[in-house]
Every structure is written in C-alpha cells, then in structure tokens.
Amino acid sequence: MKRIFFVSALTLSLISTAVFADEDAESIGAPGDPGQISRTIEITMVDNRYKPSEIKVKQGETIKFMLKNAGKKKHEMLIATPEEIDKHGKMMKKFPDTEHPDEPNKVSVEPGKTGELTWHFTKAGMVDFACPLPGHFKGMNFPGMKGTIEVEAK
C-alpha cells in the first residue's frame, strides 16, 4: 500500500512539474521549429559553468543551441524563469535519477556528447538558463552552471 501511494505521489508530482514547466516556458518563448532556425549558438558545458554564460538574441529569432559537454558529469540546459529553475532543481535533488525527456525547454547531455535545443524567443527581456542537476547551479566555491539570454526588442 505504501509503495502504491509513493508511486502515485511521484507520478502526480512529475505530471504537475511538467505542466508548470510548460506554462513558465511559454511565458519566455516557445519550442522552435527546426525549419525556421535564424542561427546556431554553440555552448560548451564544463563542470560547473557554461561557455558562454551570457548570450544576446533578438525577439522573434529561433535559435538552435548546440551544446557540447566537455565536463566529466552529465549536464543539462534548462531555459526557464528563475523560479522554475529553482523548483526543478529541488525536484531533481529529491529524485536525482528521474528522467524527464518531454520538456521542450530542457536538454540533457552526457559527458563527451553533444545535444541541441531549439527555442523561439517571443518576448523581449532577460531569460535565464541553468543546469538544474543537484549541486550544478548553486555552490560556495563556483559561480554555478547558470547564464542569461538577453532578448533585444525588434
């Protein structure tokens, strides 16, 4: 009985997290159409930082992010609001082995591998991205795996 309750609670938690992730993601843009890519931006993921960590795009652009994991750990790139990044990070801390491939604003990249994420920036302003895996975007001795995307108005 306890096992059924735990599995049910975990499933409900993951479903609600995915729904909220989609709502927050849509407030900062939308998944990009691979046939409408404006340009490609390469990002290198090293242990505990992105290179570059500050990116500029224009409102209306569809960007294909090419991510290379040059680190020794699995990394992710999640484009979201700071609140959603924090919420996702807390969920990952509780359930570190949980896979969530259905989030269009996130990509996971194993060490030595590459990945891509295509995003359409619909609104001007600042957009955040981070690696929500436990210990990757917060810590005492490093700035963390986080960055910003400045979306310039048309």
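Helices and strands here are DSSP runs, numbered from the N terminus.

**View 1. Confidence across the predicted model.** This is a predicted model, and its pLDDT averages 80, with 71% of the residues scoring at least 70. Strand E5 (residues 62-69) has the highest mean pLDDT of the elements, at 98, while helix H1 (residues 2-28) has the lowest, at 44.

**View 2. The stretch to take with a pinch of salt, residues 2-25.** Here pLDDT stays under 50. The model does give these residues 18 contacts beyond four places in sequence. Still, where pLDDT is low, the predicted coordinates should not be read in detail.

**View 3. Thr122 in its loop.** Look between strand E8 (114-120) and strand E9 (125-130) and you'll find the loop that holds Thr122. Thr122 counts as partly exposed because its relative accessibility is 32%, which falls between the 20% and 50% cut-offs. Setting aside neighbours within four places in sequence, Thr122 touches Ile28, Gly29 and Gln59. Thr62 sits 60 residues away from Thr122 in sequence, yet their C-alpha atoms are 8.9 Å apart in space.

**View 4. The largest nonpolar core.** This core has 24 residues, and Phe65, Leu67, Met77, Ile79, Phe121 and Ile149 make the most contacts inside it. At least two residues apiece come from several strands, among them E2 (39-46), E4 (54-58), E6 (75-80) and E7 (106-109).

**View 5. Zooming in on Ile149.** Beyond its neighbours within four places in sequence, Ile149 is in contact with Ile55, Val57, Phe65, Ile79 and Phe121. Its contacts also include Gly125, Met126, Val127 and Phe129.

Notes: Residues numbered from 1 in each chain as written. Predicted model: local features only at pLDDT ≥ 70, side-chain atom pairs only at ≥ 80, totals over all residues. Heavy atoms only, no water. Helix = DSSP H or I, 4+ residues; strand = E, 2+ residues; numbered from the N terminus. Buried < 20%, exposed > 50% of the residue type's maximum accessible area, 1.4 Å probe, protein only. Contact = heavy atoms within 4.5 Å. pLDDT = per-residue confidence, 0-100. Core = buried A, V, L, I, M, F, W, Y, C linked by side-chain atoms within 4.5 Å.
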